[in-house]
Amino acid sequence: MADTTPFLVIAIDGGAASGKSSTSRALSARFNLMHVDTGSFYRAITFKLLEAGLAPTDEAGVQAALPRLALGTRVDGRTAKMEIAGWTPGEEIRSAQVNENVSRFAAIPAVRKFLLEYQRGQAAVARAHRFAGLVMEGRDIGSVIFPDADLRFFLEASPEARAGRRAAEGQVDQIHERDKLDSTRKTAPLVCPAGAIAIDSTHLSLEQVVGKASELIRAKGLRD
Ligand code: C5P
């Protein structure tokens with residue numbers, strides 16, 4: 001009998017520290033979905049551009065530098081990791097300096113264009129590795145990258161809850177500043193797209209958020 005299990009594309013968007021990564025990782029493990037953290041892509045590009053001495057105000061310089069960044073993908077467990085000319089980004093992309101600059105580089109249209117097809121191409125990577133689908137987290141996944149995704153979630157949480165999460169991770173982050181820049185940029189701003197399922201996690205545990213999303217994933221035909 002033919003296998004009728006669908007291949008699902010699940011988009012998870014939301015502001016900084018809204019719970020996207022924990023939720024995506026848990027769903028990836030539960031349903032054997034490839035996990036794609038697009039924030040880590042913008043962070044890796046930011047790290048490389050800073051290393052090259054470029055500032056986010058130098059759009060022409062950034063545009064000229066992008067084609068020199070040879071992007072690849074390595075699947076590590078259930079996570080798709082970006083490689084840039086053989087370099088696999090590590091914890092250095094979570095530094096205070098990257099936190100401070102990433103939203104400024106991410107607002108540059110050439111940077112977003114550079115990553116657009118790479119991100120869409122992750123669906124083929126997930127299929128090639130025989131995952132049941134992919135769960136991609138970011139800011140514009142449900143609005144721009146996969147507007148036709150099978151499920152589009154938008155996570156929210158109060159500023160206090162989000163600041164508390166970052167502090168618990170021991171990170172210096174500029175949640176408020178990044179959200180402001182991400183929400184107000186002209187290209188692919190952070191928005192809850194029409195038709196997306198909004199989940200406010202302020203008073204929910206991770207298990208409860210994952211439970212809500214899991215019900216809808218099962219309804220689309222995937223099994224735990
Ligand atoms: O998800 P994370 O907080 O690691 O993302 C870092 C930054 O990357 C965001 O603040 C945003 O500026 C940018 N980003 C984006 N679009 C995405 C994912 C991340 O602009 N899809």
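I take buried to mean under 20% relative accessible area, and exposed to mean over 50%. The model I am looking at is predicted.

**Helix α9**

I looked up which residues of α9, spanning 175–184, are buried, and found Ile175, Arg178, Asp179 and Asp182. Viewed down the axis of α9, these buried residues fall within an arc of 100 degrees, so they line one face of the helix. I then checked the other side of α9, where His176, Lys180 and Thr184 are exposed. For the cover over the buried residues of α9, I noted that it includes α2 (38–51), α4 (96–106) and α8 (159–168).

**Ligand**

I listed 17 residues around the ligand; Arg43, Arg112, Asp140, Arg178 and Asp182 come nearest. Two of these names, Arg178 and Asp182, I had already entered as buried in α9. Next I looked up polar contacts. The side chain of Thr38 has an N or O atom 3.1 Å from a nitrogen atom of the ligand. For Ser103, I found a polar side-chain atom 3.0 Å from a ligand oxygen atom. For Arg139, a polar side-chain atom lies 2.9 Å from an oxygen atom of the ligand. On its own the ligand has 460 Å² of accessible area, of which the protein covers 98%.

**Nonpolar cores**

I looked up the largest nonpolar core, which has 40 residues; Met34, Ile45, Leu134 and Phe146 touch the most other members. The element giving the most to this core is α2, with 6 residues. I followed Phe146 further: leaving out residues up to four places away in sequence, Phe146 touches Val9, Gln119, Arg120, Ala123, Met136, Ile141 and Arg152. Apart from the largest core I found another, of 17 residues, including Leu33, Val209, Val210 and Leu222.

Conventions:
Residues are numbered from 1 along each chain as its sequence is written. This is a predicted model: local features need pLDDT of at least 70, side-chain atom pairs count only at pLDDT 80 or more; totals for chains, interfaces and linings use all residues. Side-chain values use heavy atoms; hydrogens and water are left out. Buried means under 20% relative accessible area, exposed over 50%, partly exposed in between (1.4 Å probe, protein chains only). Helices (H or I, at least four residues) and strands (E, at least two) are DSSP runs, numbered from the N terminus. The arc is that of the directions from the helix axis to the C-beta atoms. Contact means heavy atoms within 4.5 Å. A residue is near a molecule or strand if one of its heavy atoms lies within 4 Å of it. A polar contact is a pair of N or O atoms within 3.5 Å; within protein, one must be able to donate a hydrogen and the other to accept it, and residues adjacent in sequence count only if both atoms are side-chain atoms. Accessible areas come from the Shrake-Rupley method with a 1.4 Å probe; for residues, only the protein chains shown count as cover. A nonpolar core is a set of buried Ala, Val, Leu, Ile, Met, Phe, Trp, Tyr and Cys residues joined through side-chain atoms within 4.5 Å.
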